[in-house]
Every structure is written in C-alpha cells, then in structure tokens.
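Visitor: I am in my first year and would like to take a close look at a single part of this model. Could you walk me through the strands and rings, and then through whatever lies around them?

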Amino acid sequence: MMEKKRTTIVLFSGDYDKAMAAYIIANGAAAYDHEVTIFHTFWGLNALRKDGDVEVQKSGMEKMFGKMMPKGADKMGLSKMNFGGLGQKMIKGVMKKHNAMELPNLIEMAQEQDVKLVACTMTMDLLGLHKEELLDEIEYAGVAAYLADAEDGNVNLFI
C-alpha cells in the first residue's frame with residue numbers, strides 16, 4: 001500500500017487573497033487524497049478568528065491588538081489594491097460573478113475535508129488571542145508539531 005502524500009502550509013499572511021490561495025491549494029491537495037496541515041501563525045491567525053466580539057479577559061495591549069486585527073476571514077484586506085477595503089469588495093464582486101468560493105466557504109470546505117487547521121500557540125500568546133476567539137474544531141500547537149508534519153511533507157509551502 002502506498003503511503004499517503006502530505007502537504008503542509010504555513011499561513012503567515014493576514015491578506016485575504018493570500019489566505020484564499022492557501023485554502024485553494026489545501027482543498028485541492030485534500031481532494032487529491034493528501035493529508036493536509038495549515039499552520040496559522042502571526043497574521044494568518046486572523047483567518048481562524050470568529051467574526052464578531054467574544055467576551056474574554058484581556059490586558060490593555062491584548063485589547064489593542066484585538067481591535068487592530070480583522071475579526072474573521074471575511075474581514076481580511078487584500079495584499080495589493082486594498083484601498084481601505086474597497087478593493088476587497090471589488091474582488092468579492094468579481095468572484096461572485098465567476099461563481100468562485102469566498103474565503104469563509106473555503107475554510108469550511110477544508111474542515112469538511114479533514115484538513116488539519118492549526119493555530120500557533122506561541123503567536124496566540126504574543127497577540128493575546130484566546131481559544132474562545134477562534135473557530136471551533138481546530139488544533140493548537142507550537143512549531144515543533146508543525147515541523148513534525150512538515151518533515152514527512154511532499155509539499156511544504158509558506159504563504
């Protein structure tokens with residue numbers, strides 16, 4: 001029996017378009033029967049944030065980070081031509097016209113395909129993010145866990 005291929009992706013970027021690329025690749029790899037891990041760190045954690053406010057105890061600095069970062073995948077800006085959020089609205093319009101899935105739907109699809117979504121615990125501590133603020137049914141780990149997955153990876157990407 002052939003061993004299952006593995007794909008790992010480090011999602012470092014908090015840009016809507018880059019996160020979309022990561023999730024399109026992840027869903028494609030899962031459809032091709034790869035075991036897929038997306039390790040979300042730094043601004044990439046915003047893709048896993050719940051939209052809306054979640055009541056958690058935070059320090060002043062943690063509250064500030066929380067307000068400055070987008071709440072949820074749908075609120076992330078574009079890497080280029082964001083124009084204060086207008087660019088993101090424009091790209092979503094084009095996507096709708098071409099029946100392309102939006103990022104929240106791609107994340108949902110990834111979960112349905114058993115893509116392992118991992119939040120970096122060290123970055124969560126640095127940015128003051130709590131588990132309650134992130135999507136349900138994800139995993140929490142540090143870099144060692146990512147490296148263990150990547151070590152056996154056939155495809156390893158950094159986005």
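Guide: Let us begin with one ring in this predicted model, that of Phe158, which has a relative accessibility of 60% and therefore counts as exposed, since the cut-off for that word is over 50%. Phe158 forms an aromatic pair with Phe12, and this pair is stacked, with 5.8 Å from centre to centre and 25° between the planes. Because Phe12 lies in the loop between β1 and α1 while Phe158 belongs to strand β5, the pair ties together parts of the chain that are 146 residues apart in sequence. Phe12 itself has a relative accessibility of 33%, so it counts as partly exposed.

The structure holds four aromatic pairs, and another of them joins Phe12 to Phe42. Here the ring centres are 5.7 Å apart and the planes stand at 50°, so this pair is tilted. It also links distant parts of the chain, 30 residues apart, for Phe12 sits in the loop between β1 and α1, whereas Phe42 sits in the loop between β2 and α2, the helix of residues 60-68. With a relative accessible area of 27%, Phe42 is partly exposed. Taken together, ring pairs link Phe12, Phe42, Trp43 and Phe158 into a cluster.

From the ring of Phe158 we can move to the sheet that holds its strand. Five strands form an open sheet with parallel pairing, and their order across the sheet is β4-β3-β2-β1-β5. Strands β4 (139-141) and β5 (155-158) stand at the edges, where each has a single partner strand, so one side of each is left without a neighbour in the sheet. If direction is ignored, neighbouring strands of this sheet are turned by 20° against each other on average.

Further along the sheet we come to β3, which covers residues 116-120 and is joined to β4 by three bridges, the two strands running parallel. Along this pairing, Val118 stands opposite Glu139 in β4, and Cys120 has Ala141 of β4 as its bridge partner. To pass from β3 to β4 the chain goes through helix α5 (residues 121-127), and this β-α-β crossover is right-handed. With β2, strand β3 pairs in the parallel sense over four bridges, and Ile38 stands opposite Leu117 of β3. Strand β3 is mostly covered, since four of its five residues are buried.

Two helices can now be placed against these strands. Helix α1 (residues 16-31) lies across β1 (6-11), β2 (35-40), β3 and β5, and runs at about 170° to β1. In helix α6 (residues 143-151), the residues Tyr146, Asp149 and Ala150 are buried. Seen down the axis of α6, its buried residues fall within an arc of 95°, so they line one face of the helix. What covers these buried residues of α6 includes β1, β2, β3 and β5, while on the other side of the helix Ala144 and Glu151 are exposed.

Finally, two loop residues deserve a careful look at their backbone angles. Most residues other than glycine have a negative phi. Asp33, in the loop between α1 and β2, has a phi near 70°, which is a positive value in a residue other than glycine. With a relative accessible area of 49%, Asp33 is partly exposed. Asn99 likewise has a positive phi without being glycine, with a value near 55°, and its place is in the loop between α3 (86-97) and α4 (103-112). The relative accessible area of Asn99 is 71%, so this residue is exposed.

Terms used
Residues are numbered from 1 along each chain as its sequence is written. This is a predicted model: local features need pLDDT of at least 70, side-chain atom pairs count only at pLDDT 80 or more; totals for chains, interfaces and linings use all residues. Side-chain values use heavy atoms; hydrogens and water are left out. Two strands pair if DSSP finds at least two bridges between them. Axes are lines fitted to C-alpha atoms, for helices over the stretch in contact, and angles run from 0 to 180 degrees between N-to-C directions. Contact means heavy atoms within 4.5 Å. Buried means under 20% relative accessible area, exposed over 50%, partly exposed in between (1.4 Å probe, protein chains only). A crossover is right-handed if, with the strands pointing away from the viewer, the path from the first strand over the helix to the second runs clockwise. The arc is that of the directions from the helix axis to the C-beta atoms. Rings of Phe, Tyr and Trp (its six-membered ring) pair if their centres lie within 6.5 Å; planes under 30 degrees apart count as stacked, over 60 as edge-to-face and the rest as tilted.
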